[in-house]
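Okay, thanks for coming, everyone. I'd like to walk you through a structure that's probably new to you, so let's put it up on the screen.

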Amino acid sequence: MKGLKKQIDRIRPQFEPGGRYEKLHSVFDGFYTFLFTPNDTSRSGVHIHDANDSKRTMITVLLALLPCCLFGMWNIGYQNALATGLPTNFIPLFFYGLFAVLPQILTAYIVGLGIEFVVAQMRGHEIQEGFLVSGLLIPMICPVETPCWMLAVAVAFAVIFAKEVFGGTGYNFLNVALVTRAFLFFAYPSKMSGDGVFVSLNGLPAVDGYTGATPLAQLASGTPGSVSITGVDGLPVSAADLFWGLVPGSWGETSTFCILIGAAILLISGMASWKIMISGVVGALAMSFIGHAWASPLYPITFVNPFEQLLLGGFAFAIVFMATDPVTACRTSTGKWIYGFLIGAVAMLIRFYNTGYPEGAMLAVLLLNCFAPLIDWCVVESNVKRRTRRLKSIS
Amino acid sequence: MKISKSLLPLVTPLSKDNPVIVQVLGICSALAVTAKLEPAIVMTISVTAVLALANVIISALRNTIPTSIRIIVQLVVVAALVVVVDQVLKAFAYDVSKQLSVFIGLIITNCIIMGRLEAFALNNRPWPAFLDGIGNGLGYGIILVIVAFFRELLGSGTLLGCQVIPQWCYEHGYANCGLMILPPMALITVACIIWVHNRKAS
């Protein structure tokens, strides 16, 4: 490490103003602070500095994503084995999944970070770390069969139009990963839903009774009143399978168990807001009970038990990793309760009554992202009003 | 390039004072008719014709119209012209007029037309007013055609209805971007044009 530091310090002057590679200063700075802790301090005034910075925040969130990510990789292999009747040994399954999604992860990182680097150079900014998490989140919320070029187009669109035009990391009002997902869904619907994209068959013939549809899609289009769903091998799937995540789906979000581990890491380290998570679950349950109480054969999914609704689809993933994104969520305490509750309720509302597209969590989070500043404004204004009234009553 | 002063009303709306990307008028129809190139071109011609003729008529009448009822007079003139255009399209280009549906009728409410009548035709002689009408119509049309070009190319893989993206690409996994033919991408495409335009202007 010492040798590396020496080398870097040797080439450093070339990147300083006046040096030969002055233009590439932000690239140098990005790599330098990635490798070493900078010991620059401010020279004037008194500053309070938190031990936590955005690099550490991003790393912690990545750590929280890791259980879902690793499980998702294994699950890709497992679903493939179930669908084609291959043996289910742990190691080959994991590596099958790893190699299936590695190109997607690399694509997302190269395209996204590439754009961030270029924009940082053009504006003379430092390179921000915001994309470290988005780059892993994006493949995880997409079907395993998503072509890499589509992912690249969508990532480029999302990073430029949802983030860089507003000023880069920390200024985006929409969640970048979800914008990518929404772009893919509306631009290439045939590759983002249906029976053929959630299970990687690898060209092998499928077993009898095979279905590649996700549980949520099966429920949304199933016969009214029946709540039976089948796995890829045609055998019924239980609520426990849904909880552990042994079902097809966008590969990172199937396992509620791993999402709970991630949620615990986020909450213990204080990265995510427990208020948003709790109120989101409460909102979803409230809406589910309402939907269940007036269950209608027109909307088959309303017949599902409200608690099971939480295990289905991308809801749990969205509420833990997407809704709690500190940049796009509400900042005020009361606002967080309202924001989370509405995300849960709207997600379930879309799931129940939009049978064409039951995965409402993505749209719910994006919708509430737009309303978050308004909610905050109302909360702050009502505080101001209350205090003005109190002041008047005293004087 | 030196442009004679008499031609200025024709030239400035094309880029420097463009009605869509600088004055941000007529956005509604720019979003609605640009999913395909053909309706965009027909819309351009219709708007240019209506705008030029309305400008000339109002300009010729400018000294006789009482100020208090000028909006009504303008509307009557524009409405009459729009009905003529609508009938011509129905007679000679029925398919396109079906595609454009209500938007031909809505030329009456196009902000560019009322804007030019109020701002230019009421204060100028008929010939400059005619040039101004043509210039603004074309300025509107340029943007429409650029937006429609990208939306049709990327959204449907065709231009003017002919397939331009080779079948070979589709066989190797290329797919049309369905979002391009939805309204949001029209807004974003217009935004990109404004972006490039501002960059060049500054």
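I'll go through confidence, then some helices, then cysteines.

First, the ground rules. This is a predicted model, where local features need pLDDT of at least 70, side-chain atom pairs count only at pLDDT 80 or more, and totals for chains, interfaces and linings use all residues. Residues are numbered from 1 along each chain as its sequence is written, chains are lettered from A and ligands numbered from 1 in the order in which they are written, and side-chain values use heavy atoms, leaving out hydrogens and water.

So, confidence. pLDDT is the predictor's confidence in each residue, from 0 to 100. Chain A averages 86, with 98% of its residues at 70 or above. Among the elements of chain A, helix H2, residues 25-35, has the lowest mean at 74, and helix H16, residues 361-394, has the highest at 94. Helices here are DSSP runs of H or I, at least four residues, numbered from the N terminus.

Let's stay with H2(A) for a second. Its buried residues include A:Phe28, A:Asp29 and A:Tyr32; buried means under 20% relative accessible area, exposed over 50%, partly exposed in between, with a 1.4 Å probe and protein chains only. The buried residues of H2(A) pack against H1, H3 and H4 of chain A, where contact means heavy atoms within 4.5 Å.

Now, helix H14 of chain A, residues 315-322: all 8 of its 8 residues are buried, so this helix is largely enclosed by the rest of the structure. Among them are A:Phe315, A:Phe317 and A:Met322.

Over to chain B. H3(B), residues 37-61, and H4(B), residues 70-92, pack at about 145 degrees with axes 10 Å apart. Axes are lines fitted to C-alpha atoms, for helices over the stretch in contact, and angles run from 0 to 180 degrees between N-to-C directions. On the H3(B) side you'll find B:Val50 and B:Leu53, among others, meeting H4(B) residues including B:Leu81 and B:Val85.

Last stop, cysteines. How many disulfides are there over all chains? The count is 0, a disulfide being a pair of cysteine sulfur atoms within 2.5 Å. Take A:Cys330: its closest cysteine sulfur, in A:Cys378, is 9.8 Å away, so that's too far for a bond. A:Cys330 is buried, at 2% relative accessible area. B:Cys169 has its closest cysteine sulfur in B:Cys177, 15 Å off, again too far for a bond. B:Cys169 is partly exposed, at 22%.

Definitions and conventions:
Helix = DSSP H or I, 4+ residues; strand = E, 2+ residues; numbered from the N terminus.
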